[in-house]
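Work through these exercises with the structure open. Each task is followed by a solution in steps.

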Amino acid sequence: MQSIATVVIRYFFSYPMVLVLLAILGAGGGIATFIESMYDTQTAKLVVYDARWYEAIMLLLTIVMIGLIYRARMWKRMGAFLVHSAFVVILVGAFMTRYFGYEGIIHLREGSHENEMLTVQAYLQVEVDNTSFEYPLSLGQLGNNDFSFSQMVKGKPLVISYKNYRYKAKGERATLFVDVRYGNESRLVKIDGGAGWVEEPAVTSFNGLEIAMAWGAKVITLPFSLALRDFQLERYPGSMSPSSYASEVDVLDGAKKTLLSYR
């Protein structure tokens, strides 16, 4: 009689389990698309794409695929081994990008070059007493937005905590209200911004100690520059609707020497 552990391993590292996990990921993607159309992109990320449960499903799928490769000794069948290994590499790459990569936007015009990008991730950026702090902060229209950040400043705790969030229509700045407590005093501060925005900081003070806070994209200086050599736009015949895009982009080092070209 087979042990319970053997039965669990057999069913866990199996194709039916892979199909179940893929179905959950697919359903999650569908739900995220619906949420994005009803609310906004940040809400879809918070509820689905960046949620722990979605990451857990991807991690389980990776483990199941590796176990399946081992159980079936797929290295003896190179075709099946390469296909299954490719899925594992894709999933591991997704985790690497999620935890160690940056997603950003660079605006380029033809003939110009740029080495600064705006992060897609929004940050709460705090500057006080010639020292700056930053915290990743994405807020959505669904779920719990509560947060609290604490930092010691001149021997006293500076605590910034969530009070309220007001979403605006697409293309408009959202509004974040935070409670700023320093020692025994507190202030309610309004900060305009959000993902994709770079705004002037909101400033409050405690007995002459100024605290500047901004909420939005962070500017990151890249160790190289991107130059847009040519942008090509094709339209459907007899229509102004775009049919395809193409860009010729050069990657430049500090001396403006071309390292790589993309089209």
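**Exercise 1. The nonpolar patch**

In which helix is Met-38 found? Place the residue, then describe the patch it belongs to.

Solution. The model is a predicted one.
- Step 1: Met-38 is found in helix H2.
- Step 2: Its relative accessible area is 51%. The cut-off for exposed is over 50%, so Met-38 counts as exposed.
- Step 3: Met-38 joins Phe-34, Tyr-39 and Leu-142 in a nonpolar surface patch. Together the four have about 390 Å² of accessible area.
- Step 4: Tyr-39 sits in the loop between H2 and H3. Tyr-39 is partly exposed, at 34% relative accessibility.
- Step 5: Beyond four places in sequence, Tyr-39 is in contact with Gln-141, Leu-142 and Tyr-167. Tyr-167 is 128 residues away along the chain, yet the two C-alpha atoms are separated by 9.5 Å.

**Exercise 2. Overall form**

How many helices and strands does the protein chain have? Then compare its spread with the globule rule.

Solution.
- Step 1: The chain has 5 helices and 11 strands.
- Step 2: Its radius of gyration is 24 Å, whereas the globule rule gives 18 Å for 263 residues. The chain is therefore more spread out than a compact globule.
- Step 3: The C-alpha trace spans about 75 × 60 × 40 Å along its principal axes.
- Step 4: Of the 263 residues, 34% are buried.
- Step 5: The accessible surface comes to about 16,600 Å². Carbon and sulfur atoms own 58% of that surface.
- Step 6: Take contacts between residues at least 6 apart in sequence. Of these, 46% join residues at least 24 apart.

**Exercise 3. Helix packing**

Which residues of H5 are buried? Find their packing partners, then repeat for H3.

Solution.
- Step 1: H5 covers residues 78-100 and has 23 residues. It reaches 31 Å from first to last C-alpha, close to the expected 33 Å.
- Step 2: His-84, Ser-85, Val-88 and Leu-91 are the buried residues of H5.
- Step 3: They pack against helix H2 (15-38) and helix H4 (52-71).
- Step 4: H3 runs over residues 41-49, with Gln-42, Thr-43, Ala-44, Lys-45 and Val-48 buried.
- Step 5: These pack against H2, H4 and strand S2 (113-128).

**Exercise 4. Two strand residues**

Is Ala-174 buried or exposed? Locate it, list its contacts, and do likewise for Thr-204.

Solution.
- Step 1: Ala-174 belongs to strand S6 (residues 174-182).
- Step 2: Ala-174 is buried, at 7% relative accessibility.
- Step 3: Outside four places in sequence, its contacts include Tyr-165, Tyr-167, Ile-191 and Trp-215.
- Step 4: Thr-204 lies in strand S8 (residues 202-206) and is buried at 11% relative accessibility.
- Step 5: Thr-204 touches Arg-187, Val-189, Leu-209, Glu-210, Ile-211 and Met-213, with residues up to four places away left out.

**Exercise 5. Positive phi**

What is the phi of Lys-154? Set it beside Asn-207.

Solution.
- Step 1: Most residues other than glycine have a negative phi.
- Step 2: Phi of Lys-154 is near 55°, a positive value. Lys-154 is in the loop between strand S4 (148-153) and strand S5 (156-166).
- Step 3: Phi of Asn-207 is near 50°, also positive. Asn-207 is in the loop between S8 and strand S9 (209-235).
- Step 4: Lys-154 is exposed at 60% relative accessible area, and Asn-207 is exposed at 71%.

**Exercise 6. Salt bridges**

How many salt bridges does a search of the whole structure find? Examine three of them.

Solution.
- Step 1: The search finds 9.
- Step 2: Glu-55 pairs with Arg-52, with the closest N and O atoms 3.1 Å apart. The two are 3 residues apart in helix H4, about one helical turn. Glu-55 is buried at 7%, whereas Arg-52 is exposed at 61%.
- Step 3: Asp-129 and Lys-154 form a salt bridge at 3.9 Å, N to O. The pair links distant parts of the chain, 25 residues apart.
- Step 4: Lys-218 and Glu-134 meet at 2.7 Å, N to O. This pair joins strand S9 to strand S3, 84 residues apart. Lys-218 is buried at 11%, and Glu-134 is partly exposed at 39%.
- Step 5: Salt bridges with shared partners connect Asp-50, Arg-52, Glu-55 and Arg-98 in one network.

Conventions:
Residues numbered from 1 in each chain as written. Predicted model: local features only at pLDDT ≥ 70, side-chain atom pairs only at ≥ 80, totals over all residues. Heavy atoms only, no water. Helix = DSSP H or I, 4+ residues; strand = E, 2+ residues; numbered from the N terminus. Expected span 1.5 Å × (residues − 1). Buried < 20%, exposed > 50% of the residue type's maximum accessible area, 1.4 Å probe, protein only. Contact = heavy atoms within 4.5 Å. Patch = residues over 30% accessible without salt bridge, like charges linked within 9 Å, V, L, I, M, F, W, Y side chains within 5 Å. Areas by Shrake-Rupley, 256 points an atom, 1.4 Å probe, with all protein chains shown as cover. Salt bridge = Lys/Arg side-chain N within 4 Å of Asp/Glu carboxyl O. Rg over C-alpha atoms; globule rule 2.2 N^0.38 Å.
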